[in-house]
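Subject: Structure handover

Hi,

Here is the structure for you to look over. My notes come after it.

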Amino acid sequence: MQMVHPGFTQETFEDLGTALSDVTFVVVDLETTGGSPSGSQITEVGAVKVRGGEVLAEFQTLVRPATPIPAFITVLTGITNAMVIEAPRIATVLPQFLEFARGSVLVAHNAGFDVSFLKAAAQETGHPWPGFPVLDTVRLARQLVHKDEAPNHKLGSLARLFGATTTPDHRALHDARATVDVLHGLVERVGNLGVHTLEELQSYSSRVSTAQRRKRFLAEAMPSAPGVYVFRDASGTPLYVGTATDLRRRTLTYFTASETRRRMSEMVGLAESLTPIVCATALEASVRELRLIAEHRPRYNRRSRRPEKAVWVRLTDEAFPRLSVVRSVTDRDGAQYAGPFGSRRGAEAAITALHEVVPLRQCTRRLSARSPGDAACVLLEIGRCGGPCVGAQTREDYAEVTRRAGQALTGSTSHTVDALRRRLEELASQERFEEARTLRDRMMALVRATARSQRLRPLTAAPQLIAARPGEDGGWELVCVRHGRLAGACVSPRGADPMPYVAALRETAEVVLEDAGHRDGRAHPAVLPEETELVLRWLESPGVRLVDLDGEWTCPVGGAGASRAQLEPQAGTWSEHDPADGRVAQTGMRPLDRPTGTLRA
């Protein structure tokens, strides 16, 4: 595939993360009249502003609650009703605190308690809550402090462990000062584990092993650009392939607690290198990912690892054709195909559905018009087959049966679907609900597969299609598709004339032969049905314009796509018939006025 790489973008501070030494923390502690903000109020606020290990400022005030302080609270905190009688109300205190803490990260020991009271006070006084980032030292301590170091994770126990200069005593400022020392002790511990930014600290989890954190450098070297990433083991064998709109940002998540999949943690433990492949467009990245997975079969990828498992339903080209399940498609045998199916079971279900309404023979031996067999199966007796095997049906009569089957696979499915629906209604009226459910599933397997093949076939037959879609940053995303394969992709910059880029793409795109997907009768990973489907989804996305088309891109009126839209409304419809030629054009793409036209810069 020929591609034009976009220029690398210089990493921003947001991409790199905020160094902990540059973060302003406001460590806050509250004293209250009870344990819930729904029935209790704040009696004291204490806060310490710190950055880079230095204290910048302190905030402390008593608050006069609307109700008396209970006696047991006074015993606990030492704050009496007499002490708060002349203190300001929370309506006065809260705006002062919000200004003190503006632009900082709030820190508290059991932060849920303190933040819930502050939010309730903001709602009560009509002040919008700023949405501070919040760090809870209790949650962090539970992951970093073991039982043999401290009996529990209470503030007093942690203050002793980390040698706090202030002893917590249930007064707001004292407890806030002690929490500052606990915070610094915890930050020092995570720093030894490779956590150096606010983003890493917020997502820290002990589930991430030390060895896993130490491999973070693999992601730090990745570019901030869209593309594909490949994790490899010590021998260079791909372990996992993925895509990202920002390679650096996405791969960094594999070394934090945001990655919760156990198999991914195992994969990172084995990884020794990380390879970036920068791509011009998201479509190119998705296609490259698909091809790499099919080629290397990475052990930690679960999808698209075995494209050879796909099967097709084939209507054979012989005197008396029949249906069979095959693993490859070729245009050289004159047969008609539907699929691909994800499993043999799905293909056999579709065949059974078609046999339900089309009396094709189901015997597997090859029949000659001159030498019919001498024994018929039970299908002849029950009227489900015309008996060509014993000469009861001429080749001409059987040709009509074959035509109906071929029409159901490659043309209009409406007659077949209508017949199956009538059969469903008949079974339901007889209260044979299990049989009706089975027939419904078989019918949907047939409709989905034929819709898929009818959508794929025109694109794989077209020698060349060039399309454009407006880019997110202006300009155009351009793709060249040849026989269903993405042959090239590039991006024309905003304000530039896109047509020279179209011309360059046409000349430099990969040469794709019509039968490139079929070597030695086997499907080749270079032209996967999934790749053609990715291209189709892109072509059908909003804003796409057709620039150049060599060949036809049509689908039959009354085809399986229309039938599926009726049976599965959530699947949508994409057909728009043209009575002039009895064909249907793909919609979702906005064509230009003529096959080859001019895109505006």
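The notes below go through rings, cysteines, backbone angles and helix packing.

Please keep in mind that this is a predicted model.

**Aromatic rings**

The count comes to ten aromatic pairs. One of them joins Tyr-229 and Phe-231. Their ring centres are 6.0 Å apart, and the planes stand at 90°. That makes the pair edge-to-face. Both residues, Tyr-229 and Phe-231, are buried.

Phe-320 and Tyr-398 form another edge-to-face pair. Here the distance is 5.4 Å centre to centre, with 70° between the planes. This pair links distant parts of the chain, with the two positions 78 residues apart. Phe-320 belongs to the loop between β10 (311-315) and β11 (323-326). Tyr-398 belongs to helix α17, residues 395-410. Phe-320 is buried, and Tyr-398 is buried too.

There is also a cluster. Ring pairs tie Tyr-229, Phe-231, Tyr-240 and Tyr-254 together.

One charge-over-ring contact to look at: the charged end of Lys-49 sits over the ring of Phe-100. The distance to the ring centre is 4.7 Å.

**Cysteines**

How many disulfides are there? The count is zero. Take Cys-490, which is in no disulfide. Its nearest cysteine sulfur belongs to Cys-480 and is 9.7 Å away. The cut-off for a disulfide is 2.5 Å between the sulfur atoms, so Cys-490 and Cys-480 at 9.7 Å do not qualify.

Is Cys-490 buried or exposed? It is buried, because its relative accessible area is 2% and buried means under 20%. Cys-279 is buried as well, with a relative accessible area of 0%.

**Positive phi**

Two residues are worth a look in your Ramachandran plot. Asn-110 has a positive phi, near 65°, and is not a glycine. Asn-110 sits in the loop between β5 (105-108) and α5 (111-125). Its relative accessibility is 42%, so Asn-110 counts as partly exposed.

Arg-297 is also a non-glycine residue with positive phi, at about 50°. Arg-297 lies in the loop between α14 (282-296) and β10. Its relative accessible area is 35%, so Arg-297 is partly exposed. The partly exposed class runs between 20% and 50%.

**Helix packing**

How do α15 and α18 lie relative to each other, and what is the crossing angle? Helix α15 covers residues 344-357, and helix α18 covers residues 414-429. Their axes come within 9 Å and cross at roughly 85°. Angles of 65 to 115 degrees count as roughly perpendicular, so α15 and α18 are roughly perpendicular to each other.

Which residues make the contact? On the α15 side they are Ala-353, Leu-354, Glu-356 and Val-357. On the α18 side they are Thr-416, Ala-419, Leu-420 and Arg-423.

**One long-range pair**

Ala-294 is in helix α14. Ala-294 is buried, because its relative accessible area is 5%. In sequence, Ala-294 and Leu-528 are 234 residues apart. In space, the C-alpha to C-alpha distance between Ala-294 and Leu-528 is 8.8 Å.

Best wishes

How values were computed: Residues numbered from 1 in each chain as written. Predicted model: local features only at pLDDT ≥ 70, side-chain atom pairs only at ≥ 80, totals over all residues. Heavy atoms only, no water. Phe/Tyr/Trp six-rings, centres within 6.5 Å; stacked < 30°, edge-to-face > 60°. Buried < 20%, exposed > 50% of the residue type's maximum accessible area, 1.4 Å probe, protein only. Helix = DSSP H or I, 4+ residues; strand = E, 2+ residues; numbered from the N terminus. Lys NZ or Arg CZ within 6 Å of the ring centre and 35° of its normal. Axes fitted to C-alpha atoms, helices over the stretch in contact; angles between N-to-C directions. Parallel < 35°, antiparallel > 145°, perpendicular 65-115°, else oblique. Contact = heavy atoms within 4.5 Å.
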